[in-house]
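This report describes the metal sites of one model. The sequence and structure come first, and the notes follow.

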Amino acid sequence: MSVSGLCQICESRPAQEQCSNCGTLACEVHFKETVDLCADCASQAQPGPGNDDVEINRF
Ligand SMILES: [Zn+2]
Ligand SMILES: [Zn+2]
């Protein structure tokens, strides 16, 4: 998916993708393709460092 506009996180790079959780437009730096989330949501979905094997889709 490709979007137009600026990254809503850094507001300095063109947005590449839209977060599937909050809808924020994010540039390549601030969009985590592996989880399809913006950096904000990705960090909330993966609390705690050193946890490589998080299952974020578990409810
Ligand atoms: Zn950005
Ligand atoms: Zn988000």
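What spacing do the donors of the zinc ion (ligand 1) follow along the chain? They follow C-x2-C-x16-C-x2-H.

## Basis of the model

This is a predicted model, in which local features need pLDDT of at least 70, side-chain atom pairs count only at pLDDT 80 or more, and totals for chains, interfaces and linings use all residues. Residues are numbered from 1 along each chain as its sequence is written, chains are lettered from A and ligands numbered from 1 in the order in which they are written, and side-chain values use heavy atoms, with hydrogens and water left out.

## Zinc ion (ligand 1)

The zinc ion (ligand 1) has the protein donors Cys-7 (SG), Cys-10 (SG), Cys-27 (SG) and His-30 (ND1), at 2.0 to 2.3 Å. Donors are N, O and S atoms within 2.8 Å of the metal (3.2 Å for Na, K and Ca); water is not among the atoms, so sites may look incomplete.

The 4 donor atoms subtend angles of 100 to 117°, so the arrangement is tetrahedral (four donors with all angles between 85 and 135 degrees). Cys-27 is buried, with a relative accessible area of 1%, and His-30 is buried at 19%; buried means under 20% relative accessible area (1.4 Å probe, protein chains only).

## Zinc ion (ligand 2)

Cys-19 (SG), Cys-22 (SG), Cys-38 (SG) and Cys-41 (SG) are the protein donors of the zinc ion (ligand 2), lying 2.3 Å from it. The angles of 107 to 114° between its 4 donor atoms make this arrangement tetrahedral.

The donor residues of the zinc ion (ligand 2) are spaced C-x2-C-x15-C-x2-C in sequence. Cys-19 lies in the loop between strand 1 (17–18) and strand 2 (25–26) and Cys-38 in strand 4 (residues 37–38), so the pair ties together parts that are 19 residues apart in sequence. Strands are DSSP runs (E, at least two residues), numbered from the N terminus. Both Cys-19 and Cys-38 are buried.

How values were computed:
Four donors count as tetrahedral if all angles lie between 85 and 135 degrees; four count as square planar and six as octahedral if opposite donors are over 155 degrees apart and all others between 65 and 115; anything else is irregular. Buried means under 20% relative accessible area, exposed over 50%, partly exposed in between (1.4 Å probe, protein chains only). Helices (H or I, at least four residues) and strands (E, at least two) are DSSP runs, numbered from the N terminus.
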